[in-house]
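Biologist: I have a model open and I'd like to learn how to read it. Could you take me through it, feature by feature?

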Amino acid sequence: MTDKPKVAFYWCASCGGCEESVVDLAEAILEVVQLVDIVFWPVAIDTKKADVERMADGSIAVSLINGAVRTSEQEEMAQLLRRKSQLVVAYGSCAQMGGIPALANQYSRERILRTVYEEVPTVDNPNKVRPQPDYVDDAQICVHLPEFRQRVRSLDQVVDVDYTLPGCPPTPKLLAEALHAILDGNLPPKGTVLAPDTALCDACPRKDSKPEDVGYTEFKRPHWTILDPEKCFLAQGVVCMGPATRSGCDAQCIRGNMPCTGCFGPTSRVHDQGAKIVSSICSSIAAEDSDGIESTLSGIPDPVGTFYRYGLSKCLLRGRVDAVDAARSSQEGTR
Ligand code: SF4
Ligand code: SF4
């Protein structure tokens, strides 16, 4: 053991992209490794939950936790790392706002389990067997599985979070700046999102062509459209989340001729990222009759996936719960 600050990384409901973004520090990772002692990082080093449990409370300088929280295991790990850490950073869109996994909040837990274990065409399960949290086999060996909670939650809906690094995944530049700020003790107030608090449009290379007043007559899907590489996407009738999204990503998608999908989350002035862009876009539709409005909106066939791609856990509308889930919720609380 060294006296260098201890750092932990953990992934909850995650695709692994956030873990890769740490490796994307490239040669700068060697500098980081010189400065810190990485004590827990399940994807990269062989350390176990018991190793963390043995550490003194508050002995980890910072835990960077990515991924959303869906299972009881993820919840327990987040709570354990919170107890052992001076600082907890929500790392990436999934930890910040639920991210892609939170799109499952469109469906109840019962609906998801029924679909996965009973209804999909590739499932052969005549007895409708589902995984149980506790199972004792013929040899009396008890197997525990994590519980699948009612909803996908962001990290700050489970534990106290000190800082947030946004992005899907965060850029190596933001990660390096955050690590240096933490190691130098040069931190902004608790709760700060460690990226500029301005909308992406302010930093966008196409901002001069952003329309002030547009009457949308149709919305086009980017993969069905030949896109002008210089012109604002909104001016081309393509939904761009830039007006409701925080900057700090160096407009990488825009520079690749793809509209912003909102992974950096909202600025501090926006409460609900999806609602903000829905209100802005819908108030700019040219048609005034319901048929015309519906025809224009038919160009956005997946409104939730478009406007809440990363932020459904933070949506002010809580989501759908069916009768079976409602009964379980009243027994377990609303996890
Ligand atoms: S924020 Fe993006 S890269 Fe990170 S775990 Fe979620 S989906 Fe993957
Ligand atoms: S709407 Fe999109 S393309 Fe237009 S200025 Fe904003 S970020 Fe750039």
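Biologist: Let's go straight to the core. Which residues touch the most other members of the largest nonpolar core?

Modeller: In soluble globular proteins, nonpolar side chains tend to be buried together. A nonpolar core here is a set of buried Ala, Val, Leu, Ile, Met, Phe, Trp, Tyr and Cys residues joined through C-beta atoms within 7 Å. Buried means 20 or more other C-beta atoms within 10 Å of the residue's own, exposed means 12 or fewer, and partly exposed is in between, with C-beta atoms placed from the backbone. The largest core has 70 residues, and Ile65, Ala78, Val89 and Leu155 touch the most other members. Domain 1 (6-100 + 152-184) and domain 3 (200-301) both contribute residues, so this core lies between them.

Biologist: Before we go on, what kind of model is this, and how is it numbered?

Modeller: It's a predicted model: local features need pLDDT of at least 70, side-chain atom pairs count only at pLDDT 80 or more, and totals for chains, interfaces and linings use all residues. Residues are numbered from 1 along each chain as its sequence is written, while chains are lettered from A and ligands numbered from 1 in the order in which they are written.

Biologist: Which residues does Leu155 touch?

Modeller: Contact means that two C-beta atoms, placed from the backbone, lie within 7 Å. Not counting residues up to four places away in sequence, Leu155 touches Ile65, Val69, Ala78, Ala90, Ala95 and Val161.

Biologist: Ala78 came up again there. Where does helix H4 pack?

Modeller: Helices (H or I, at least four residues) and strands (E, at least two) are DSSP runs, numbered from the N terminus. H4 covers residues 72-84, and its 13 residues reach 18 Å from first C-alpha to last, close to the expected 18 Å; that expectation is 1.5 Å times one less than the number of residues. Ala78 is one of the buried residues of H4, along with Gln74, Met77, Leu81, Arg82 and Lys84. The buried residues of H4 pack against strands S1 (6-11), S3 (60-66), S4 (69-71) and S5 (85-91), and against helix H3 (49-54).

Biologist: Take Ile60, then. Is Ile60 buried or exposed?

Modeller: Ile60 sits in strand S3 and counts as buried because 24 other C-beta atoms lie within 10 Å. Leaving out residues up to four places away in sequence, Ile60 touches Lys6, Ala8, Val39, Met55, Lys84 and Ser85.

Biologist: Now the ligands. What surrounds ligand 1?

Modeller: A residue is near a molecule if its C-beta atom, placed from the backbone, lies within 6 Å of it. Ligand 1 has 13 residues around it, the closest being Gly17, Cys18, Gly92, Cys94 and Cys168. Helices H1 (17-23) and H5 (93-97) each supply at least two residues of that shell. For ligand 2, there are 15 residues, with Cys201, Cys204, Cys232, Cys240 and Gly242 coming nearest.

Biologist: What about the backbone: which peptide bond is cis?

Modeller: Most residues other than glycine have a negative phi, and most peptide bonds are trans. Here the bond from Cys168 to Pro169 is cis, with omega near -5 degrees, and Pro169 lies in the loop between strand S9 (163-165) and helix H7 (172-184). As for phi, Lys128 has a positive value of about 50 degrees. Lys128 counts as exposed because it has 10 C-beta neighbours inside 10 Å.

Notes
Domains from an automatic or database assignment.
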